[in-house]
Amino acid sequence: DDDVMVMSIIQHIKLDAVKKKLRNHNGERLIDEENGTLDANQAGSALQDMDQEEIGPAMKIAGGSISSIVSFVQKDLSKRQKTGMTDHLVKRAMNALRPRMTDH
């Protein structure tokens, strides 16, 4: 479904910085995409370390607090795991949607 795909892509972009942080917080991985889970306690403190600019986009869609971002990412992860819309797949879709440079 195209709408779901577009929403997934928008969410992917907005949550990208947050997820990157959660994939590697002081060398620890707080996010488990295989199982669609994250370490909520650790995630909260990891996100508090982020600067406003990085975390801003996630705040906009998740509701403006660290805990709302954590639960939003948690929902996003489990939904992606159920639907198979992994970040890897979304990246491929985004690449497919980018206009190609054409040779003349």
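Me: Which helix supplies the largest share of the lining of the largest cavity?
Reply: Helix α4 does, with three residues. Keep in mind that we're looking at a predicted model.

Me: Okay, what lines that cavity, and how much space lies in it?
Reply: Its lining is made of E33, L77, R80, Q81, T86 and D87. About 50 Å³ of space lies inside. A search of the whole structure turns up one cavity of 30 Å³ or more.

Me: What makes residues of that lining count as charged, and how many are there?
Reply: Asp, Glu, Lys and Arg count as charged, so E33, R80 and D87 of the lining fit the bill. That gives three charged residues, next to two polar and one nonpolar.

Me: Let's zoom out. How many helices and strands does the protein have?
Reply: Five helices and two strands. Going along the sequence, the pattern reads α-β-β-α-α-α-α. The C-alpha trace spans about 50 × 30 × 25 Å along its principal axes.

Me: Why is α2 called oblique to α4?
Reply: Start with the angle: the axes of α2 (residues 40-48) and α4 (residues 66-83) cross at roughly 125° and come within 9 Å. Roughly perpendicular covers 65 to 115 degrees, and roughly antiparallel needs an angle over 145. The crossing angle fits neither, so α2 ends up oblique to α4. As for the hand, this crossing is right-handed.

Me: Which residues make that contact?
Reply: On the α2 side you'll find A40, A43, G44, L47 and Q48, and on the α4 side I66, I69 and V70.

Me: How do you know which of them are polar?
Reply: Gly counts as polar, and Gln isn't on the nonpolar or charged lists, so G44 and Q48 are the polar pair. The full tally for α2 with α4 is six nonpolar, two polar and no charged residues.

Me: Why are α1 and α3 called oblique to each other?
Reply: Try the check again. They pack at an angle of about 135°, with their axes 7 Å apart. Roughly antiparallel would take an angle over 145, so α1 and α3 are oblique to each other. Is the crossing left-handed or right-handed? Left-handed.

Me: Which residues touch there?
Reply: From α1 (residues 2-23) come Q11, K14, L15, A17 and V18. Helix α3 (residues 52-62) brings E54, I55, P57, A58 and I61. Lys and Glu count as charged, so K14 and E54 are the two charged residues, alongside seven nonpolar and one polar.

Me: And where do α1 and α4 meet?
Reply: Their axes come within 11 Å and cross at roughly 115°, and α1 passes α4 in a left-handed crossing. The α1 residues are S8, Q11, H12, L15, V18, K19 and L22, while α4 offers I69, F72, V73, D76, K79 and R80.

Me: What makes up that contact by class?
Reply: Six nonpolar, three polar and four charged residues. Asp, Lys and Arg count as charged, so K19, D76, K79 and R80 are the charged ones.

Definitions and conventions
Residues numbered from 1 in each chain as written. Predicted model: local features only at pLDDT ≥ 70, side-chain atom pairs only at ≥ 80, totals over all residues. Heavy atoms only, no water. Axes fitted to C-alpha atoms, helices over the stretch in contact; angles between N-to-C directions. Helix = DSSP H or I, 4+ residues; strand = E, 2+ residues; numbered from the N terminus. Parallel < 35°, antiparallel > 145°, perpendicular 65-115°, else oblique. Left-handed = near helix turned anticlockwise from the far one by under 90°. Contact = heavy atoms within 4.5 Å. 1 Å grid on protein atoms, 1.4 Å probe; cavity = no way out; pocket = protein on both sides within 12 Å on 5 of 7 lines; lining within 4 Å. Points joined across faces, edges and corners; volume = space filled by probe spheres on them.
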